[in-house]
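User: I would like a close look at a single part of this protein, the salt-bridge network, and at how that part is placed in the rest of the chain. Please keep the explanation suitable for a first-year student.

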Amino acid sequence: MTNANRRQWIILLNLAAIFILPLAASWTMYTLQPFEKRGGLEHGELITPVEKVPVAGLSTLDGEPVDASLFQGKWTLLYHVPAGENQAGCDADCRALMDTLRRVRLAQDEGMRAVQRVLLEPAGTGRPADFDQGLQVLESNQWPLARGSVYIVDRQGYLVLRYDAGFDPQGLLKDLERLLRLAGEG
């Protein structure tokens, strides 16, 4: 093999390395997926497909049915107490969570006027002990969504994000700040 042939092979191998190696590396990364996939910047679970808050079966503590307009015009932090065996309603953990949701709302500064909090208790648990005045307490006979989860509901009454039990309140705070800022309310 002559020097000219050797140079031609070296040039050909270099060109192949320049064009083929990046394709091979990207294909390998795509098929192996060694990194954690993340859907977006949100900390909660984005609810897809979009659905309205199910108001069927919701009632006030006085037994009046709840109108869908309750969830319109304001962002809502919604929590449904999981029905326990003793139907105790909002226990100490629930009260701590309600305090956390109150603090998340207050942390929005001027945007807090655009946020309301709703607590859904299982029907028949009786009137809960006193909460702060800003918390709306409702009863639910049938709740088709995950109990024990916190939901963010937008101003039109659509469920946006869901947070499972044990979520990081800082994540909820950041998500709500982002939503309010994007809506021009924060």
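Analyst: Glu45, Arg162 and Asp164 are linked in a network of salt bridges. The model is a predicted one, and every value below is computed from it.

Arg162 takes part in two of the contacts described here. With Glu45, the side chain of Arg162 forms a salt bridge in which N and O are 2.6 Å apart. With Asp164, the side chain of Arg162 forms a salt bridge with an N to O distance of 2.3 Å. By the rule used for such pairs, the count comes to five salt bridges.

The pair of Arg162 and Glu45 deserves attention for its place in the sequence. Arg162 belongs to strand β7 and Glu45 to strand β1, which covers residues 45–46, so the salt bridge ties together parts that are 117 residues apart in sequence. The strands themselves are also paired: β1 and β7 run antiparallel and are joined by two bridges. Within this pairing, Glu45 stands opposite Arg162.

How exposed are the members of the network? Arg162 has a relative accessible area of 17% and is therefore buried, since buried means under 20%. Glu45, with a relative accessible area of 41%, is partly exposed. Asp164 also counts as partly exposed, at 42% relative accessibility.

The next step is to place these strands in the sheet. Seven strands form an open sheet with mixed pairing, and their order is β1-β7-β6-β3-β4-β5-β2. β1 and β2 (58–60) stand at the edges and have a single partner strand each, so one side of each is left without a neighbour in the sheet. Glu45 thus lies in a strand at the edge of the sheet. In the chain as a whole there are three helices and seven strands, and along the sequence they follow the pattern α-β-β-β-α-β-β-β-β-α.

Another salt bridge offers a useful contrast. Arg178 and Asp175 form a salt bridge whose closest N and O atoms are 3.4 Å apart. These two residues are three apart in helix α3, so about one helical turn separates them. Here the acidic partner, Asp175, is buried, with a relative accessible area of 2%, while Arg178 is partly exposed at 25% relative accessibility.

Strand β7 also contributes to the nonpolar interior. In soluble globular proteins, nonpolar side chains tend to be buried together. The largest nonpolar core of this model has 27 residues, and Tyr79, Met98, Leu119 and Ile152 touch the most other members. The elements giving two or more residues to this core are β3 (75–80), α2 (92–106), β4 (115–122), β5 (135–140), β6 (150–153), β7 (159–163) and α3 (169–182). Strand β7, which holds Arg162, is thus one of the contributors to this core, and helix α3, which holds Arg178 and Asp175, is another.

Ile152 illustrates how the core is held in contact. Leaving aside its neighbours within four places in sequence, Ile152 is in contact with residues including Leu159, Val160, Leu161 and Tyr163. Its further contacts include Trp75 and Leu77, as well as Leu172, Leu176 and Leu179. Apart from this core lies another, of 14 residues, among them Leu58, Val66, Val118 and Leu145.

A loop provides one more example of residues brought together from separate parts of the sequence. Gly148 lies in the loop between β5 and β6, and at 11% relative accessibility Gly148 counts as buried. The C-alpha atoms of Gly148 and His80 are separated by 5.5 Å, although the two residues are 68 apart along the chain. Beyond its neighbours within four places in sequence, Gly148 is in contact with Tyr79, His80, Pro82 and Ala165.

Some totals place these details in context. Among contacts between residues at least 6 apart in sequence, 66% join residues at least 24 apart. Of the 186 residues of the protein chain, 34% count as buried. The accessible surface of the chain comes to about 11600 Å², and 55% of that area belongs to carbon and sulfur atoms.

Finally, nonpolar residues are also found on the surface. Ile11, Leu15, Ile18, Phe19 and Ile20 form a nonpolar patch there, with about 530 Å² of accessible area together. Phe19 lies in helix α1, which covers residues 3–32, and counts as exposed at 57% relative accessibility.

Conventions: Residues numbered from 1 in each chain as written. Predicted model: local features only at pLDDT ≥ 70, side-chain atom pairs only at ≥ 80, totals over all residues. Heavy atoms only, no water. Core = buried A, V, L, I, M, F, W, Y, C linked by side-chain atoms within 4.5 Å. Buried < 20%, exposed > 50% of the residue type's maximum accessible area, 1.4 Å probe, protein only. Helix = DSSP H or I, 4+ residues; strand = E, 2+ residues; numbered from the N terminus. Contact = heavy atoms within 4.5 Å. Patch = residues over 30% accessible without salt bridge, like charges linked within 9 Å, V, L, I, M, F, W, Y side chains within 5 Å. Areas by Shrake-Rupley, 256 points an atom, 1.4 Å probe, with all protein chains shown as cover. Salt bridge = Lys/Arg side-chain N within 4 Å of Asp/Glu carboxyl O. Pairing = 2+ DSSP bridges.
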